[in-house]
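Visitor: Before we discuss any labels, could you show me the model and then take me through the rules behind the words used for it?

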Amino acid sequence: MPELHLLAPPPWREYALLDTGGGARLERFGSYTLVRPDTQAIWPVTLTEQEWLRADATFAKARSGDDTPGHWVARRQLPEQWPLHYDNLAFWVRPTPFRHTGIFPEHSAHWPWLADVLARSPRPSVLVLFGYTGLTSIYAAAHGAAVTHVDASKPAVRWAQDNQRLSGLEAAPIRWLVDDVGKFVAREIRRGRHYDLIVMDPPVFGRGPKGEIWRLNEHLPELVAQCVQLLSDQSLGLLLNAYATNVSALTLYNLLTAAFSRRSGSTSAGELTLREERSGRLLPTALYACWSDVLHPHQVQSDLL
């Protein structure tokens, strides 16, 4: 029977999940507190209404749905962007019309494992697909990897490059590419290219630079199979995250187990979470599955779910 794990990131000095509930989350990003909708948080809040009302800005959803741009209602004026630090790295926080800030702290639950596997190779090559604002790409580069970062959004890649400069890693070997992930991976296979580690964070639905359509349930199995071909003989692993999807962590586990059936190593899977600062309650944020010879060491729970 597979074990499905709950993973929580190590504490961030400048980020905190203050409270959740009532379909929302209250977070601190540096000097600013934000309220954002969260459909997972259906339980009652812990903090008082007054503490929530003191947030610097609240995201208001558009009436037509979550995929339509909304707007921020500010209690005090927010800057267009401000820096957030993690150890020696720094990233720009930018409140967007789609409620995101460009920062996904839950991804750092994987980073101690990443540091471990990257240290096993003198110059590991890492491919990051659907890399968005580049936090994992920058972390990998800071730990000695040569990184290829692929995303279909030119603004997202520019944001990632801004984060690279803010972190003082201008000389780090990161190749930033605006491309359709499926087409890029197919070309890399034809070129005979290989990577030691692949990280991907595919959306449920997306469009490439030329209008290419991506649907997770439809296209993910083929992409994972292609990525297996791209891994080197000394491969370190493949890490898959997924947000807002109707599949389960067990689905991702089964997908990777089947894809790597002819390779040694093992698969782990579960949920990424954020821990509330005061209550310690865990907020589910995303699903993940990981294939590697090195199992995830940072498990806050190990149950059969």
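**Cavities, a helix and a threonine**

Guide: By the grid rule explained below, the count comes to 2 cavities of 30 Å³ or more. This is a predicted model, in which local features need pLDDT of at least 70 and side-chain atom pairs count only at pLDDT 80 or more, while totals for chains, interfaces and linings use all residues. Residues are numbered from 1 along each chain as its sequence is written, and side-chain values use heavy atoms, with hydrogens and water left out.

Visitor: What makes a space a cavity here, and what is the volume of the largest cavity?

Guide: On a 1 Å grid over the protein atoms alone, a cavity is a set of points where a 1.4 Å probe fits but cannot get out, and lining residues have an atom within 4 Å of a point. Grid points are joined across faces, edges and corners, and a volume is the space filled by probe spheres set on the points. By that reckoning the largest cavity has a volume of about 180 Å³; it is lined by 21 residues, of which His107, Gly131, Leu135, Thr136 and Asp201 lie nearest its centre. Helix H3 gives the largest share of this lining, 3 residues.

Visitor: Why is Thr96 called buried or exposed?

Guide: Buried means under 20% relative accessible area, exposed over 50%, and partly exposed in between, with a 1.4 Å probe and protein chains only. Thr96 has 12% relative accessibility and therefore counts as buried. Its place is in the loop between S8 and H2, where helices (H or I, at least four residues) and strands (E, at least two) are DSSP runs numbered from the N terminus.

Visitor: Which residues is Thr96 in contact with, leaving aside its neighbours within four places in sequence?

Guide: Contact means heavy atoms within 4.5 Å, and on that test Thr96 is in contact with Phe59, Trp72 and Trp159. The side chain of Thr96 also reaches the backbone oxygen of His100 at 2.9 Å.

Visitor: How do you know that the buried residues of H4 line one face of the helix?

Guide: In H4, the buried residues are Ala156, Val157, Trp159, Ala160, Asn163 and Gln164. Seen down the axis of H4, these residues fall within an arc of 155°, so they line one face of the helix; the arc is that of the directions from the helix axis to the C-beta atoms. Among the elements covering them are strand S8 (89-93) and strand S11 (174-178).

Methods:
1 Å grid on protein atoms, 1.4 Å probe; cavity = no way out; pocket = protein on both sides within 12 Å on 5 of 7 lines; lining within 4 Å. Polar contact = N/O pair within 3.5 Å; in protein donor to acceptor, adjacent residues only side chain to side chain.
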